[in-house]
Amino acid sequence: MIVLQTNFGDIVVRLEHDKAPKTAANFEQYVTDGHYDGTLFHRVIDGFMVQGGGFDTDFNQKPTRDPIENEADNGLKNLTGTLAMARTQDPHSASAQFFINVADNDFLNHSGKSIQGWGYCVFGEVVEGMEVVERIKEVPTTRRGMHADVPAEDVVIQRAYLKDA
């Protein structure tokens, strides 16, 4: 289990090591390395998702390791409360940024091994603290530089750590 200790409360996540082994290991390594400590949920869209893991509280993008292979063809769906990897248009570009689905986002699911069909890899699920996610999804948002849907009040992952199951 992973605990995301935020200024809104704790979110406890169970990773899907069996179905998304590379992605779960990648996320866990970022947690172990302290990468997520002091990062923002920098993109919040009620009815869609809350995204974090890439920017510090000064809105500087944090350095990442190399991107990982997209494992979205693992049968897991982008359902409310699941975690998935954020990426660019390149299906195999995910590194550290992730999002928590706050709705069932079927259009993000894998449908084929093409640019349009790869989808977004689900690799975990919120098992405690969904009420915290619900609070985060409702924060007022604004623009910050070139970024839209940024919380007007910082939503910070103060610390992320491994917790015994």
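This is a guided tour of a predicted model, with residues to select and what is found at each stop.

**Stop 1: H35**

Select H35. The residue sits in a loop, with α1 (21-32) on one side and β3 (39-45) on the other. Is H35 buried or exposed? Its relative accessible area is 7%, under the 20% limit, so H35 is buried. Now show its contacts. Leaving out residues up to four places away in sequence, H35 touches Y30, G53, K62, P63, T64 and A96. Then add M85 to the selection. H35 and M85 are 50 residues apart in sequence. In space, C-alpha to C-alpha, the two are 15 Å apart.

**Stop 2: the aromatic rings**

How many aromatic pairs does the whole structure hold? A search finds 9. Take F27 and Y36 as one example. Their ring centres are 5.0 Å apart, and the angle between the planes is 35°. That makes the pair tilted. F27 and Y36 are both buried.

Move to F41 and F98. Their ring centres are 6.0 Å apart. The planes stand at 80°, so this pair is edge-to-face. Where in the chain do the two partners come from? F41 belongs to strand β3, and F98 to strand β6 (residues 98-101). The partners are 57 residues apart, and the pair links distant parts of the chain. Check the burial of each. F41 has a relative accessible area of 1%, so F41 is buried. F98 comes out at 0% and therefore counts as buried too.

Now select the whole group: F27, Y30, Y36, F41, F98 and F123. These residues form one aromatic cluster. The two pairs just visited, F27 with Y36 and F41 with F98, have their members in this cluster.

**Stop 3: charges over rings**

Stay with Y30, and add R65. The charged end of R65 sits over the ring of Y30, 3.7 Å from the ring centre. Y30 is thus a useful landmark: it is a contact of H35, a member of the aromatic cluster and the ring under R65.

Next, select R87 and Y120. Here the charged end of R87 sits over the ring of Y120, at 4.1 Å from the centre. Keep both residues on display for the next two stops.

**Stop 4: the largest pocket**

Turn on a surface. The largest pocket has a volume of about 480 Å³. Which residues lie nearest its centre? They are Q51, A86, R87, T88 and Q97, out of a lining of 25 residues. Colour by strand next. β3, β4 (49-56) and β9 (147-151) each give at least two residues to the lining. β4 supplies the largest share, 4 residues. Then colour by residue class. The lining divides into 11 nonpolar, 10 polar and 4 charged residues.

**Stop 5: the cavity**

Clip into the interior. The count comes to 1 cavity of 30 Å³ or more. The largest cavity has a volume of about 60 Å³. Select its lining: T23, I68, E69, N70, E71, M85, R87, P91, A94, G119, Y120 and C121. R87 and Y120, from the charge-over-ring stop, are both in this lining. M85, the residue paired with H35 for the distance at the start, lines the cavity as well. By class, the lining has 6 nonpolar, 3 polar and 3 charged residues.

**Stop 6: K137**

Go to helix α2 (residues 130-137) and pick K137. Is this lysine buried or exposed? Its relative accessibility is 13%, so K137 counts as buried. Which residues does K137 touch, beyond those up to four places away in sequence? The contacts are V44, D46, V50 and V102.

**Stop 7: two positive phi angles**

Most residues other than glycine have a negative phi. Two residues here are worth a look for that reason.

Select F59, in the loop between β4 and β5 (82-85). F59 is not a glycine, yet its phi is positive, near 65°. Its relative accessible area is 14%, so F59 is buried.

Finish at D149, in strand β9. Its phi is also positive, about 60°, although D149 is not a glycine. D149 has 29% relative accessibility and so counts as partly exposed. Its strand, β9, is one of those that supply at least two residues to the lining of the largest pocket.

Methods:
Residues numbered from 1 in each chain as written. Predicted model: local features only at pLDDT ≥ 70, side-chain atom pairs only at ≥ 80, totals over all residues. Heavy atoms only, no water. Buried < 20%, exposed > 50% of the residue type's maximum accessible area, 1.4 Å probe, protein only. Contact = heavy atoms within 4.5 Å. Phe/Tyr/Trp six-rings, centres within 6.5 Å; stacked < 30°, edge-to-face > 60°. Lys NZ or Arg CZ within 6 Å of the ring centre and 35° of its normal. 1 Å grid on protein atoms, 1.4 Å probe; cavity = no way out; pocket = protein on both sides within 12 Å on 5 of 7 lines; lining within 4 Å. Points joined across faces, edges and corners; volume = space filled by probe spheres on them. Nonpolar A, V, L, I, M, F, W, Y, C, P; charged D, E, K, R; others polar.
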